[in-house]
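Biologist: Could you walk me through one part of this model up close? I'd like to hear about the sheets, their strand order and what packs on them.

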Amino acid sequence: MIMSVLIYVELDNGSIKKTSLEAVAYGAKTAEKTGGQAVVLALGKADAGELEKAGLYGATKVLHASDAKLEHENSLAYADALVQAAQQEGSQIIILSKSGLGDAMAARAAAKLKAGVVSGVTALPETDGGFKVTRAIFTGKAFATTEIKSDIKVLVVRKNAIEVDENGLGGGSAAVEAFAPALRDSDFTASVVSVEKADSELSLTEAEIIVSGGRGMKGPEHWQPLLDLAKALGAATGCSKPVSDLDWRPHHEHIGQTGIKVAPNLYIACGISGAIQHLAGVNGSKCIVVINKDPEAPFFKAADYGIVGDVFEILPKLTEAAKSLK
Amino acid sequence: MKILVCITNVPDTTAKISFTDNDTKLNKNGVQFIIGPYDDYALARGVELKEQLGGSLTVLHVGEADAEPQIRKALAIGADDAIRVNADPQDSYFVAAQIAHIARQNGYDLILMGRESIDYNSGVVHGLVGEMLGIPSYSPVMKLDLDGGNATITREIDGGKEVLKAPLPLVLGCQEPIAEWKIPNMRGIMTARTKPLNVVEPVAVDDMTVPQTYKLPAPKGACKMIPASEAETLIRLLQTEAKVL
């Protein structure tokens, strides 16, 4: 059997999510080191043309299970399918992108395969003398290098673990093969009562640019200038914990240690002082801009660019400048 | 209703992290340890459910004796008894195998823990335990209600939420706002002293992953300050200098 690296990709409206395409590139680069091919697994409704794109990122083959029962996200059944794909392909390394679903599938697959699992991986593995990966720990305040000793290895990779743009690794198109995993009734004991999804909003974990507001925004009725800048930049919007605790913004916008951890290219913090718990949620960002009226705000220490002043005067200026970019 | 709540013992969220012994160990000097914040939510909801439905609540920690103040705190908050698996765990699989072993012995209707520990942030232990026990696991759970043998769960999904109805037993990774954190009262603190805290030895598990060294991120360069009167120049700098637009 040929050894392979298996990469699970998450789908969004039939296309592969950007963080998952990064995971494909990560898997392909890993396969170059360890030998073997990069095989992708996609579950649920997908457009074959979109799946072929995985080839651009280095995959040679895409297994696609389109069973209607897999259309709704189900980490239990998905993990079962992942294990069956790994067994079919003889995969010794399994890669997922970091998300609630990625962690859940990785965990269940690792337990089934008696495999070591490392989540939060930030760089390609070192394969000289043992298989070692670097991962973010203490919510990004530190890193650990961890050796995986089990035969089968399950890795959950963070956004930006590998540099890759929309041209991918310049590969060709991948062959899409139908895949029909055996589905177990025990994975479908839960019934879905309801799903609420804000479809129009950009996902925070996928966003390349995030504009985020804190208590300095002075109230939910003052959010418009921030939303205007986000719109001009094509950015997602986030907030600090006090803001979601006060119900100024919805809970799923809360960024920080106990909220969502983000890693965009650009993070713009408006009226956020920068408590250590908030910084823990944004320290994966490439570039941080802080706008605050208090020059002593701790966030400036973690920022690349800073403006001391009134957010309500500064935001419209930035929005105008951003509009003239296009 | 038999509930197990698993807690981690982690540095306080404001702790400054550093390492010793050639970057192979966390420097615990001057670091305040707490019950993992997500585990604290799980514990609070577990106590509420026990008070509402009756039954028992056991708190479980896999770790060393220095966690006992945090275990006693969990007892003071409302757990009936505690188990500490005496080990210095380095790996999620190891921790999950210990929890699964205890769960097989005692049989719980509900196993609650935080969505992730705030030291290793893996968020995989609930999934591992669920699979080891052959029962469903869900995370992150923001709301949990029980009705007979069924749980109604609201969990966060990418950009929204999902409500599920699932039969017990279940393993759940919890987060806010599942319950408000509880602060132990004086009576709780007094009774916690006499509640059983059983220390057991770990079951053997093959080494799956072994941490080798730790490091801190590279120090951040100086922040470039832009006068508020020239705020609009920021956009150009982001495009030409930082190259993020």
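Modeller: Here's a tour of the two sheets, one after the other. Keep in mind that this is a predicted model.

Let's begin with the 6-stranded one. This open sheet has parallel pairing and runs in the order E14(A)-E13(A)-E15(A)-E16(A)-E17(A)-E15(B). Its edge strands, each paired on one side only, are E14 (236-239) of chain A and E15 (224-225) of chain B. Inside the sheet, look at E13 (residues 209-213) and E15 (residues 266-270) of chain A: they run parallel and are joined by 5 bridges. One spot to click on is Ile210(A), whose bridge partner in E15(A) is Tyr267(A). Helix H5 (residues 224-233) of chain A packs on this sheet, where it touches E13, E14 and E15 of chain A, and its direction makes about 180° with that of E13(A). Chain B brings a helix too: H6 (residues 233-240) of chain B lies across E15, E16 (287-292) and E17 (305-308) of chain A, at about 175° to E17(A).

Now for the other sheet. It's open as well, with 10 strands and mixed pairing, in the order E12(A)-E11(B)-E10(B)-E9(B)-E12(B)-E8(B)-E1(B)-E6(B)-E7(B)-E13(B). The edges are E12 (191-197) of chain A and E13 (197-200) of chain B, each pairing on one side only. On average, neighbouring strands here are turned by 25° against each other, direction ignored. Within this sheet, E1 (residues 2-6) and E8 (residues 110-114) of chain B pair in the parallel sense over 3 bridges. There, Leu4(B) stands opposite Ile111(B) in E8(B).

Conventions: Residues numbered from 1 in each chain as written. Chains lettered and ligands numbered in written order. Predicted model: local features only at pLDDT ≥ 70, side-chain atom pairs only at ≥ 80, totals over all residues. Pairing = 2+ DSSP bridges. Helix = DSSP H or I, 4+ residues; strand = E, 2+ residues; numbered from the N terminus. Axes fitted to C-alpha atoms, helices over the stretch in contact; angles between N-to-C directions. Contact = placed C-beta atoms within 7 Å.
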